[in-house]
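Okay, thanks everyone, let's get going. I'll put the structure up now, and then I'll walk through a sheet, some helix packing and a pair of rings.

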Amino acid sequence: MGDFFQNGVIATMHNLSQRPTEDLEADLMRYRKKRPIGLLLPSLFSELEGDALPRIIEELSKVQYLDEIVIGLDQADERQYEFAREFFAKLNQPHSILWNDGPRLQEVWGELAELQLSPREPGKGRNVWGCYGYLLAQGRAKAIALHDCDIVDYNRSLLARLVYPIVHPNFNYKFAKGYYYRAHSGKLNGRVCRLLVTPLIRALQKVFGHHEFLEYLDSFRYALAGEFAMHSDVVKDIRIPSDWGLEIGILSEVQRSYSYGRICQVDIADSYEHKHQTVNPEDRSKGLNKMSIDISAAIFRKLATFGEVFTTETFRTIRATYLRIALDFVELYANDAALNGLQLDRHQEEKMVELFAHNLSVAASQFFDPPNTQHELPFMPSWNRVFSAAPEIGSKLVLAVERDNA
């Protein structure tokens, strides 16, 4: 795609020339000598039985510049863990599996729970948090990348482009966020980003005026992308959300600690397809319903930390403004899809906007009266805090994983 336009407050690394992956990898082989590279793969056991992860492992087995791969395995019993060990044995790099449901790691998490430092809610956020702690405790990887395990059309060029800005010796970036466009089988995808996040950010800018955080979020071409890379010292200090606000939460944590000159986004794929979340308007506990509520709440909480005051009237205005902007976006994307010969069901798009508008009200009610108010901690503690409170926990974590993997 011939696009070199820079917009917003962060740098954008484009794919201008379709540079061969082998070229990128040759550079990375040199750069890794000073900045060893680790990859984190948060995975459900069910993904080992799907179509995407076997292809990802096949592609990753060809990557020579990785110093280690850490797999966070959720929802696996002992038999499934043994299956996972055989499954990931195809990797040619040193790799470790964090069996999060195993007795050894449960004991480690239990020690942290006694200090009120252990995440309470299972999910991707807790999985990523644990893997980051293990990588930090090992102390080998100086650049750490993360991507999902359900990418159907995965190619190893995605990883090479993602880590390149972080390990290049002449670049000053501490954090790189991947981006791409979402279309598959002739259909335009990416509904939550297209129809919730961007219209909501624009609506909040209308309500609150120019705002540094909103301008920053609006600079990302795909704010919900689950692919990012960062220096290990960034990992130590960030607090990770435990819900669907993971991506927005990490972006807000990076912005809190680093200047915009240290943050970039990079075009990592011509197209991207992964598992789609279900839509059940009656069930707020899962799928796009919960995702939209958690993401909205994460943005509201962050704005509150800047001193923005929310009232019932404010939320009514935000909802009305969002609805108008989002419906305009439906028109925009319908035209864009038609020009490019892609399918887009306007009726379903507008129904999705209506669901998201309703969920803004749900997120607002949780903002005023959060569930389990006395225990509401949307972020897990930073590993700097954990290691300070329990200096021996890093070695216990490493030992537990090594014994599981032995």
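So, one thing up front: this is a predicted model. Let me start inside the sheet, with strand β3, residues 68-74. β3 and β4 pair in the parallel sense, and there are five bridges between them. If you want one of those to click on, take G72: its bridge partner in β4 is L98.

Now zoom out a bit. Those two strands belong to an open sheet of eight strands, and the pairing is mixed. Reading across, the order goes β1-β10-β6-β9-β5-β2-β3-β4. What sits at the edges? That would be β1, residues 11-13, and β4, residues 95-99, each of which pairs on one side only. As for twist, neighbouring strands in this sheet are turned by 20 degrees against each other on average, direction ignored.

Which helix packs on this sheet? Here I'd point you to α10, residues 246-257, which touches β6 (175-179), β9 (228-231) and β10 (263-267). The direction of α10 makes about 145 degrees with that of β6.

α10 also has a helix partner. Its axis and the axis of α11, residues 287-305, come within 9 Å and cross at roughly 20 degrees. Under 35 degrees counts as roughly parallel, so that's what we call α10 and α11. The crossing is right-handed. On the α10 side you have I248, S252, Q255 and R256, and they meet I295, A298, I299 and K302 of α11. By class, that contact comes out as four nonpolar, two polar and two charged residues.

Next pair: α12, residues 312-339, and α13, residues 346-368. They pack at an angle of about 160 degrees with their axes 10 Å apart, and they are therefore roughly antiparallel. This crossing is right-handed too. The contact list is a long read, so here's a sample: among the residues involved are F315, Y322, L323 and L327 of α12, and V353, F356, L360 and F367 of α13. In terms of class, the α12-α13 contact has 14 nonpolar, three polar and five charged residues.

And then there's a pair with another geometry. Helix α5, residues 124-138, packs with α15, residues 393-405, at about 105 degrees, and their axes are 9 Å apart. So α5 and α15 are roughly perpendicular to each other. In α5, the residues are G130, G133, Y134, A137 and Q138, and they meet G394, L397, V398 and V401 in α15. That contact has five nonpolar and four polar residues, with no charged ones.

Last bit: rings. How many aromatic pairs are there? The count comes to 26. I'll show you one of them, Y216 with Y260. The ring centres are 5.4 Å apart and the planes are at 15 degrees, so this pair is stacked. Where do the two sit in the chain? Y216 is in helix α8, residues 212-218, while Y260 is in the loop between α10 and β10. They are 44 residues apart, so to speak a link between distant parts of the chain.

Okay, that's my tour. Happy to rotate things if anyone wants another look.

Methods: Residues are numbered from 1 along each chain as its sequence is written. This is a predicted model: local features need pLDDT of at least 70, side-chain atom pairs count only at pLDDT 80 or more; totals for chains, interfaces and linings use all residues. Side-chain values use heavy atoms; hydrogens and water are left out. Two strands pair if DSSP finds at least two bridges between them. Helices (H or I, at least four residues) and strands (E, at least two) are DSSP runs, numbered from the N terminus. Axes are lines fitted to C-alpha atoms, for helices over the stretch in contact, and angles run from 0 to 180 degrees between N-to-C directions. Contact means heavy atoms within 4.5 Å. Angles under 35 degrees count as roughly parallel, over 145 as roughly antiparallel, 65 to 115 as roughly perpendicular and the rest as oblique. A crossing is left-handed if the near helix is turned anticlockwise from the far one by less than a right angle, and right-handed if clockwise. Ala, Val, Leu, Ile, Met, Phe, Trp, Tyr, Cys and Pro count as nonpolar, Asp, Glu, Lys and Arg as charged, and the others, Gly among them, as polar. Rings of Phe, Tyr and Trp (its six-membered ring) pair if their centres lie within 6.5 Å; planes under 30 degrees apart count as stacked, over 60 as edge-to-face and the rest as tilted.
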